[in-house]
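This report describes selected side-chain contacts, backbone features and helix packing in one protein model. The sequence and structure are shown first.

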Amino acid sequence: MKKLAAWLLKCFGWSVEITVPDYPKCIICVAPHTSNWDFVIGKLVYASVGRKAGFLMKDTWFFWPLGVFFRSMGGIAVPRKRKSTVSLTDLIVEKFNASERLALAITPEGTRSRTTRWHTGFLHIAIQSSVPIVLGVIDFKTKNVFIKDTFVPSGDIEKDIRTIKDYYKPYQGKYPENFSTE
């Protein structure tokens, strides 16, 4: 799979640079997120370097037979309507604490549409699970994907999300009008 993923990316003109360690546990913060292609490219990129990562996706995608397929790839369904008294953040913290190895890709925008309100659950998860956050960029303007930096949350959620938004400011999603770091 590693060679096939690398070949596909090369055929479509994408370059990949991943210099962060292969942490046993980490959150991969991925932005910009403006298209379903982000998922495909992200999975290919991580596979091209021989790594595996789970991901969060809204539960409406987990119907038969796609649900079986997404779960087999590490997908975790995010309920659109909360039915449980346990928060998604708490469930993922439990998953990190119970796992020897878990990399989980999260798009803080939480949508492919334009939004200035980025979700901060990934910061809470990282703090509560004591896992690093690696910053993954999918830049459609340059066709570069890279994960070069590790972010350690300070605990000041507002400051941390501002720092992360500033990090992603120079990059462009497939649909640039749908990406905001304001």
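## Surface, salt bridges and backbone

Met 1 is exposed, at a relative accessible area of 67%; here buried means under 20% relative accessible area, exposed over 50%, and partly exposed in between (1.4 Å probe, protein chains only). The model is a predicted one, in which local features need pLDDT of at least 70 and side-chain atom pairs count only at pLDDT 80 or more, while totals for chains, interfaces and linings use all residues. Residues are numbered from 1 along each chain as its sequence is written, and side-chain values use heavy atoms, with hydrogens and water left out.

Met 1 belongs to the segment that precedes helix H1 (2–11). Helices (H or I, at least four residues) and strands (E, at least two) are DSSP runs, numbered from the N terminus. Together with Leu 4 and Trp 7, Met 1 forms a nonpolar surface patch with about 390 Å² of accessible area. Patches consist of residues with over 30% relative accessible area and no salt bridge, where like charges are joined within 9 Å and nonpolar side chains (Val, Leu, Ile, Met, Phe, Trp, Tyr) within 5 Å. The areas come from the Shrake-Rupley method with a 1.4 Å probe, and for residues only the protein chains shown count as cover.

**Salt bridges**

A search of the whole structure yields five salt bridges, each defined as a side-chain nitrogen of Lys or Arg within 4 Å of a carboxyl oxygen of Asp or Glu. Three of the pairs are tabulated here.

| Acidic residue | Basic residue | Closest N to O distance |
|---|---|---|
| Asp 22 | Arg 51 | 3.9 Å |
| Asp 22 | Arg 101 | 2.7 Å |
| Glu 182 | Arg 114 | 3.4 Å |

The salt bridge between Asp 22 and Arg 51 links distant parts of the chain: Asp 22 is in the loop between strand E1 (15–18) and strand E2 (25–31), and Arg 51 is in the loop between helix H2 (37–48) and strand E3 (54–58), 29 residues apart. Asp 22 counts as partly exposed at 39% relative accessibility, whereas Arg 51 is buried, with a relative accessible area of 15%. Asp 22 also meets Arg 101 in a salt bridge. Arg 101 lies in the loop between H4 and strand E5 (102–106) and Asp 22 in the loop between E1 and E2, so this pair ties together parts that are 79 residues apart in sequence.

Glu 182 forms its salt bridge with Arg 114. This pair, too, links distant parts of the chain, with Glu 182 in the segment after helix H6 (157–168) and Arg 114 in the loop between E5 and H5, 68 residues apart. Glu 182 is exposed at 59% relative accessibility, while Arg 114 is partly exposed, with a relative accessible area of 43%. Through shared partners, salt bridges join Asp 22, Arg 51 and Arg 101 into one network.

**Backbone features**

A cis peptide bond connects Ala 31 to Pro 32, with omega about -15°; Pro 32 is in the loop between E2 and H2. Trp 64 and Pro 65 are likewise joined by a cis peptide bond, with omega about 0°, and Pro 65 is in the loop between E3 and helix H3 (66–72).

Ser 130, although not a glycine, has a positive phi of about 55°. Ser 130 is in the loop between H5 and strand E6 (133–139) and is exposed, with a relative accessible area of 65%. Lys 143, also not a glycine, has a positive phi of about 55°. Lys 143 is in the loop between E6 and strand E7 (144–151) and is partly exposed at 34% relative accessible area.

**Helix packing**

Two packed helices are described by the angle between their axes and the distance between the axes. The axes of helix H4 (residues 88–98) and helix H5 (residues 121–129) come within 9 Å and cross at roughly 40°. Axes are lines fitted to C-alpha atoms, for helices over the stretch in contact, and angles run from 0 to 180 degrees between N-to-C directions. The H4 and H5 crossing is right-handed, a term that applies if the near helix is turned clockwise from the far one by less than a right angle, with left-handed for anticlockwise. Among the residues that make the contact (heavy atoms within 4.5 Å) are Ile 92, Val 93 and Phe 96 of H4 and His 124 and Ile 125 of H5.
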